Amino acid sequence: MRYGEPSFQQVVSTLPQDLDECVVFPLYPQYSLAATESSILMARQVFQKERPRTRLRMIQSFFD
């Protein structure tokens, strides 16, 4: 979703308006500034614009 289709914006626009919380789970097994952090920043920007009341929980890595 960060680099392909559907775009992050497209997916967020399909979520319910009254969504309380969303878990952002970048599918990179280890943390990387170029991949993981850029995806997290994108998610924050899109949610701030499209769904500012939705709480975001970020999964930084899932290697273990």
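**Close-up views of a predicted model**

**View 1. V12 and its distant neighbours.** Once its neighbours within four places in sequence are set aside, V12 is in contact with V46, F47, E50 and R51. The model shown here, and in every view that follows, is a predicted one. V12 belongs to the largest nonpolar core, and two of the residues it contacts, V46 and F47, are members of that core as well.

**View 2. The whole chain, for orientation.** Before the next close-ups, it helps to have the overall layout in mind. The protein has two helices and two strands, and reading along the sequence gives the pattern α-β-α-β. The C-alpha trace spans about 35 × 20 × 15 Å along its principal axes. The radius of gyration is 12 Å, which agrees with the value near 11 Å that a compact globule of 64 residues would have. Of the 64 residues, 30% count as buried. Contacts with a separation of 6 or more come, for 71% of them, from residues 24 or more positions apart.

**View 3. The largest nonpolar core brings 10 residues together.** Its members are F8, V12, C22, V24, I40, M42, A43, V46, F47 and M58. At least two of them come from each of α1 (8–13), β1 (21–24) and α2 (33–50). Which element gives the most to this core? That is α2, with five residues. A general tendency fits this picture: in soluble globular proteins, nonpolar side chains tend to be buried together.

**View 4. Strands β1 and β2 lie side by side, joined by four bridges.** The two strands run parallel, and β2 covers residues 55–58. Two pairs are handy to look for: V23 has R57 as its bridge partner in β2, while V24 stands opposite M58. Together with α2, the two strands make a right-handed β-α-β unit.

**View 5. The two faces of β1 are covered and uncovered.** C22 and V24 are on the covered face, whereas E21 and V23 are on the uncovered one. In a regular strand the side chains alternate between the two faces of the sheet. Both residues of the covered face, C22 and V24, are also listed in the largest nonpolar core.

**View 6. A43, a buried residue of helix α2.** How accessible is A43? Its relative accessibility is 0%, so A43 counts as buried. Leaving out residues up to four places away in sequence, A43 touches F8, V24, L56 and M58. Three of these, F8, V24 and M58, share the largest nonpolar core with A43. As a guide to distances, the C-alpha atoms of A43 and Q30 are separated by 18 Å, although the two are 13 residues apart along the chain.

**View 7. M58 in strand β2.** M58 counts as buried because its relative accessibility is 18%, and the cut-off for buried is under 20%. Beyond residues up to four places away in sequence, M58 touches V24, I40, A43 and R44. Look for F25 too: F25 and M58 are 33 residues apart in sequence, yet their C-alpha atoms are 6.4 Å apart in space.

**View 8. I59, in the segment after β2.** Is I59 buried or partly exposed? With a relative accessibility of 25%, I59 counts as partly exposed. Residues up to four places away in sequence aside, I59 touches V23, V24, F25 and P26. One of these, V24, is also touched by M58. The C-alpha atoms of I59 and I40 are separated by 9.0 Å, with their positions 19 residues apart along the chain counted as the separation.

**View 9. A polar contact at S39, in helix α2.** Where does the side chain of S39 find its polar contact? The partner is the side chain of Y28, and the contact is 3.4 Å. S39 has 9% relative accessibility, so S39 counts as buried.

Technical notes
Residues are numbered from 1 along each chain as its sequence is written. This is a predicted model: local features need pLDDT of at least 70, side-chain atom pairs count only at pLDDT 80 or more; totals for chains, interfaces and linings use all residues. Side-chain values use heavy atoms; hydrogens and water are left out. A nonpolar core is a set of buried Ala, Val, Leu, Ile, Met, Phe, Trp, Tyr and Cys residues joined through side-chain atoms within 4.5 Å. Buried means under 20% relative accessible area, exposed over 50%, partly exposed in between (1.4 Å probe, protein chains only). Contact means heavy atoms within 4.5 Å. Two strands pair if DSSP finds at least two bridges between them. A crossover is right-handed if, with the strands pointing away from the viewer, the path from the first strand over the helix to the second runs clockwise. A polar contact is a pair of N or O atoms within 3.5 Å; within protein, one must be able to donate a hydrogen and the other to accept it, and residues adjacent in sequence count only if both atoms are side-chain atoms. The radius of gyration is taken over C-alpha atoms; the globule rule is 2.2 Å times the number of residues to the power 0.38.
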